[in-house]
Amino acid sequence: MSKTIDILIPCYNEEAVLRECYRRTKDMFSKIVGYDFRFILINDGSTDGTLAIMRELHEQDAAVNYLDLSRNFGKELAMMAGIDFSTGDALVVMDADLQDPPELIKEMIKYWQEGYDDVSAKRRSRAGESFFKKWSSHAYYRILQRVSDIDVQRDVGDFRLLDRRCVNALKELREAQRYTKGLFTWVGFRKKEILFDRDARAAGQTKWNYWKLFNLAVEGLTGFTIVPLRAASFIGFLLAIIAIVYMLCIVIKTLMYGDPVPGYPSLVSLILFIGGVQMMFLGIIGEYLGRVFNESKRRPLYLVQEINGKRTDGKGFGEENPPSTP
């Protein structure tokens, strides 16, 4: 029997490029024999005509499946909805903007046939992105690799082919605040990277502004390392030692030379500095405490309101509510 490969494409306001993405990916299917391909399109609360295009493609092609989430949950959770829905022998995760060329899937399948469980696309160059964005991304991955307990892949995005056992492993990870790039590494299995030159968006505007990228970076740091907490403890201890030494210097100076009024500006500066450091560390602790708070609520990761034109009961997928294709 032919093996089935699911193509997962999370979408948020992608009406300008979704049809072209489908066409190029479908053309790629015709060049690969021995496999059945299935689309899993996720509408992540789009406000344009993305959902209408998904319905149109589903009517035209039985291989196109779509899930309409009840609101915008963010790309990380939209991907999780597709991962939960996937039942194929392998799953390809890609973006709709065609920065991830569908033609690369053929090479991914080749390495999958050779026994690799996770075949990812590593960006050799990144067209259409500013120097600052490229530099900050490179610097972030270097920092994350140094402080994390896992070896997070550098310059590798979500574009990859995952074997069924990788998909099953990801389904076990039900945390609400997700950094999927780190989770791909965390689950392990045999990995292979292939180089490619990333194109600029085929149409439309990127949904990832610097604030969203910063929040995603924080998720990666707080989700895979406690180094910031340890750094806060170390620096707090170091400041306490400095404060004690400074206090002893003041006492000795007072006993020897009296207690002149000058020194008030330096004292105020020291108080403001220590107060600022304390507030920063309280913020770091708050980030971790916020993660604990969000996970303790145990809310569904996402809610689905429509699957392939049929209304649902409003639930997400999980062990107690497995996916089924209408």
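These legends describe close-up views of a predicted model.

**Figure 1. Y22 and F39 form a tilted aromatic pair.** The whole structure holds 5 aromatic pairs. In this one, the ring centres of Y22 and F39 are 5.2 Å apart. Their planes meet at 45 degrees, so the pair is tilted rather than stacked or edge-to-face. Y22 belongs to helix α1 (residues 18-29), and F39 belongs to strand β2 (residues 35-43). The contact therefore ties together parts that are 17 residues apart in sequence. Y22 has 15% relative accessibility and counts as buried. F39 is also buried, at 1% relative accessibility.

**Figure 2. F29 and F37 stack, and an aromatic cluster includes both.** The ring centres of F29 and F37 lie 4.1 Å apart. Their planes are at 10 degrees, so this pair is stacked. The cut-off for stacking is under 30 degrees. F29 and F37 are both buried. Together with Y22 and F39, they make up one aromatic cluster.

**Figure 3. Two charged side chains sit over aromatic rings.** K3 lies over the face of W112, at 5.2 Å from the ring centre. R71 places its charged end over the ring of F73. Here the distance to the ring centre is 4.0 Å.

**Figure 4. Four nonpolar residues make a surface patch.** The members are F234, I235, L238 and I242. The patch covers about 370 Å². F234 lies in helix α9 (residues 227-257). With a relative accessible area of 55%, F234 is exposed.

**Figure 5. A salt bridge connects E103 and R24.** A search of the whole structure finds 14 salt bridges. In the E103 to R24 bridge, the closest N and O atoms are 2.8 Å apart. E103 sits in the loop between β4 (90-93) and α4 (105-113). R24 is in helix α1. The two residues are 79 residues apart, and the pair links distant parts of the chain. E103 counts as partly exposed, at 41% relative accessibility.

**Figure 6. R55 and E306 meet in a salt bridge.** The N to O distance is 2.7 Å. R55 lies in helix α2 (residues 50-60), while E306 lies in strand β8 (residues 304-307). The pair therefore ties together parts that are 251 residues apart in sequence. R55 is partly exposed, with 36% relative accessibility. E306 is buried, with a relative accessible area of 10%.

**Figure 7. D95 and K75 form a salt bridge between buried residues.** Their side chains meet at 2.8 Å, N to O. D95 is in the loop between β4 and α4, and K75 is in helix α3 (residues 75-85). These parts are 20 residues apart in sequence, and the pair ties them together. D95 counts as buried at 13% relative accessibility. K75 is buried as well, with a relative accessible area of 19%. The threshold for buried is under 20%.

**Figure 8. E20, R23 and D27 share a salt-bridge network.** Salt bridges with shared partners join these residues into one network.

**Figure 9. Strand β3 is largely enclosed by the rest of the structure.** The strand spans residues 64-69, and 6 of the 6 residues are buried. In a regular strand, side chains alternate between the two faces of the sheet. V64, Y66 and D68 point one way from β3. N65, L67 and L69 point the other way. Strands β2 and β3 run parallel and are joined by 5 bridges. N43 stands opposite D68 in β3.

**Figure 10. Strand β4 is covered on both faces and pairs with β1 and β6.** A90 and V92 are buried on one side. L91 and V93 are buried on the other. Strand β1 (residues 3-11) pairs with β4 in the parallel sense, over 4 bridges. L8 stands opposite V93 in β4. The pairing of β4 with strand β6 (residues 156-163) is antiparallel, over 4 bridges. L91 stands opposite L162 in β6.

Key
Residues numbered from 1 in each chain as written. Predicted model: local features only at pLDDT ≥ 70, side-chain atom pairs only at ≥ 80, totals over all residues. Heavy atoms only, no water. Phe/Tyr/Trp six-rings, centres within 6.5 Å; stacked < 30°, edge-to-face > 60°. Buried < 20%, exposed > 50% of the residue type's maximum accessible area, 1.4 Å probe, protein only. Lys NZ or Arg CZ within 6 Å of the ring centre and 35° of its normal. Patch = residues over 30% accessible without salt bridge, like charges linked within 9 Å, V, L, I, M, F, W, Y side chains within 5 Å. Areas by Shrake-Rupley, 256 points an atom, 1.4 Å probe, with all protein chains shown as cover. Pairing = 2+ DSSP bridges.
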